[in-house]
Amino acid sequence: MSNLKLILDSLICGHYERGRNMQSKRSNSKSSKKVVSAVLASMVALSSGAAVFAEETTPVATNAVISASGSFSDVKSGFWAEKHIYKLASQGILLGDKGLFRPNDSVTQQEAVTMAIRFMNIQDQLNTNTAVVFPTNFTVNNYFKPYVALAFQHNLLDKKVETDDTTSKTTWGEKKASREWITELLVRAIGKENEANALATKATSFVDNSKISASKLGYVNAAIEMGLTNGIEGNRFDPLGSVTRAQLATFFSRGEDQTDIKYVNSSEGIVTELTDNSISLFVNGSIRSFPLNNTTAYYTKTSETKVSFSDIKLYSKVMIIENSGKAVYVEVIDPQEQLESIETTFERLFQGNSLGVSNNTAFESYNYDASTVFLDVSGNKIEPKDLTAGSQIIIKRETFTSAKNLVVVQVKTGVINKNGSGTVESIDINSKTVGIKNTVGTIESYKWDDVPVISYQDQLLVPAELKVGSVINYTVQNNTIRSIEITQAVERTIRGTIYEIGANGTTITYTKTGGSLEVKLLSAKPEIVISGIDKPILADLLADATAGDQVEMTLDSKELVTKIVVLNRQMEQKPNATVVSYDTKTKLLTILDEKNKPFVVTIDDKTKLIYNTSIPSLTGIESLLTSARKINLSYITNRALTLEVVYKYDGTVTAVDTLARKITIQGANGQSMTLPYLNTSVEMYGKSYLNISDVKVGNEVTLVLGDNQDTVSKIQMKSSVQYEVASVDSGNKWITAKSGSGTNYVYLDKATVTSDSGQSMKASDLQIGQIVNVTYSGETAISAQVTKLISGEVLAVDTAASNITVKSFAGGTDVVKATGAIKILRAGSTSTVLNSLIPGERVEIRKDVDGTTIINVLSKIEKTFWKYTDTSREFYVKKQLANDKNLYKLSPNAYIHQGDTTLSVQSLRENDKIVLYFHNDVIVEIQKQ
């Protein structure tokens, strides 16, 4: 083994003697590196322990460690630190081993120092000829010794602090680098030690500030102020936590913004030309062209994920890292055009490619060349000769050379006659102006004088019906918009009078202004809005040839009606009327209104009928239209539009007189009424054997009348229950639902069902796991509304304002107002105080039927990933003890992430450290460590 060590030391020293003067030619030393790799492999094979070089076996050439996909084979596209790893690898700052980077491995102190030396670009100062001698208690692997020695020379490390450390059980070099130690190293590497010293006594805002070593506090503060670190979840810094290779790459990559270090293969400049296979930059006074290929990676300064080649724009400022003459990494430093704009008036062209312009009384000329682009108002290319004297033009010229060459000359205003295509950007009816984004992205603005011809699918529209976002063809004559043809519409509104609702509820026929009829298809669940009716449905609309509802309808891009708002009803009403007589042959109904004045109406097949049945018919209601029967009537002229036989009253109990056997309620309109009851039954969902003594003041009830309408035959008490949907039977309109420890069948055939936002929906649209509030009248469910459920991570708790800030799994932030009573459920215990909620906990928040804020804190466990079965959604973790559970179900919508980067379950690898969060023993979140 000693002979191997001598050979190894000799080879390493020889390599670095050559490498010191060949920093920019690393790729020419492949043969010596292969020899070293072979010796190391032999050494590892012959030893009984693990390899001694945890991070790198040998310095491998950059172009050898990057795979054909433009990254290391174990750094997948979309990985949260991919940008920083790729950039530093392209610059030669970090290396890998046999195409692997091992991003999640912890970093040792000697590895971190090595990266810092490369980051500072001072590796040419390494001394590999002289043996490095350290104190006996300070052990570093031979490969890293020159780096550590150079680090001491450049004050990257405090020799006294580092060599006096006797607390570690491992050698100094192989000790895992802590977060605070790395922070100090990074701040020193970018030359900000003075800033750190100035902040040495300032406390951070982290909750674990007291755990940060006093000697490291200033460095942590400096790193925060420079944006190099923001801490970890729970507002912690975790000073003694280990640092992964991916994290270290990110730290150093961000640190480049704080330095003026230049790397031999990096160039910054202005983009002067873009082709499918090359990019040209103006760099240090000259133009350089860099070949591109399908492995070139594109990023922006503000983006952590890749962008496309199309996001690189002419005259923006970029940084390019090249390898073997090709651009392997392109980063947009400043997306703004590095051009200056001059707005002026074109006068004439002069010989010698000179452009004559005037500004008030001054006359100027600008020279252009073959590369100058001339554009019309619409952004289309034109020739210089096409410019018209007196046109307002915008000249754009570059600012990065002394010549200030003209790049673009574009007409701003001039006489325009054209046909074009684009998208409506704005519409101003008052100023008669339409803004159009043309096909090349330029915004054009035109006025109209007379009303322009606006058409859509052979329909003529008025300007008010033109909507932003509509795709159009248009014609301009003498600068004025003359015609607009909508080729692809967005949401728009129309108005009319309802003539007929299709029998199957899929169409609506309406009368347009002018009297013509038109038919529109209805969407699956159109929203209906009728003033005075809570949660109206399609059947509540009144259709009539002369007196239908006047409505405004919203049409989507497919011309389906998605919303109907009743603007006006022409009908008149006779509430609380009394039947005098009804003639079955003539269909004449005579009534007395509330003031005992007689009135006669005709009932026909268009009259909407309402009585105590789910299938009303004219034959069925005729038998009820006897003398003294109480009804509610709406009509136009003498034709009945709606006829309701009163069979119930809804309201809130205000008094119960058990001696006189009378009950008084107050209706929604504020009207009070007192009705007698005799052998009245009392119904309430989930309760049996109720009687009148169970009816209390304040109860919401429905009083069902007897056949003669003069007494209450049944009292249906209102109640609400919150359920979790367990299954849905769409055919029979019922669900099985869990409440507490039981499961119930809930029939919704007579209920209106709405979403958490109040949108009408079908019972079959309910989803397993949703929380619904079902309202009963007696034993019958009359409404069901999905309860809004907010899930995510608690970011902050404001007990004074009773606010909880939650970061949802979708990435948004919700502020929940915990009004009323509070119930926090956590691991079998219940708390009623908000300050028991801890930032970082995962929660599900909802409102109970009584208004109580229910906060369910999700349970969590830390595990090691084993495997996942996609077909059965079975998620396996490794056991720590023989009896440990290691199989769980994964929710279809589970949030899987590392930091803020969303992951797929397939991206998890065996032995990954993970935290699992559960709802009802099903995994709803996986946090990769």
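**Close-ups of a predicted model**

**View 1. What comes after helix 4?** In this predicted model, Gly92 follows helix 4, and its phi is positive, near 80 degrees. Helix 4 itself covers residues 82-90 and is mostly tucked away: 9 of its 9 residues are buried. Buried here means under 20% relative accessible area. Which residues of helix 4 are buried? Going along the helix, they are Glu82, Lys83, His84, Ile85, Tyr86, Lys87, Leu88, Ala89 and Ser90. While you look at the helix, here's a handy rule: an α-helix has 3.6 residues a turn, so residues three or four places apart point the same way.

**View 2. Five strands make a closed barrel.** Follow the barrel round in the order 20-21-22-24-23, and you'll find that the pairing is mixed. From one strand to the next, the twist averages 60 degrees. Now zoom in on one pair: strand 21 (residues 507-511) runs antiparallel to strand 22 (residues 517-529), and 5 bridges link the two. Want a spot to find? Look for Tyr510, whose bridge partner in strand 22 is Glu518.

**View 3. Seven strands make an open sheet.** The 7 strands line up as 44-43-42-47-48-45-46, again with mixed pairing. Which strands sit at the edges? They're strand 44 (813-817) and strand 46 (829-831), each of which pairs on one side only. The twist in this sheet averages 35 degrees from one strand to the next.

**View 4. Strands 42 and 47 pair up inside the open sheet's order**. Strand 42 (residues 790-798) and strand 47 (residues 842-847) run antiparallel, joined by 4 bridges. Pick out Glu793, and you'll see Arg842 of strand 47 standing opposite.

How values were computed. Residues numbered from 1 in each chain as written. Predicted model: local features only at pLDDT ≥ 70, side-chain atom pairs only at ≥ 80, totals over all residues. Heavy atoms only, no water. Pairing = 2+ DSSP bridges. Axes fitted to C-alpha atoms, helices over the stretch in contact; angles between N-to-C directions. Buried < 20%, exposed > 50% of the residue type's maximum accessible area, 1.4 Å probe, protein only.
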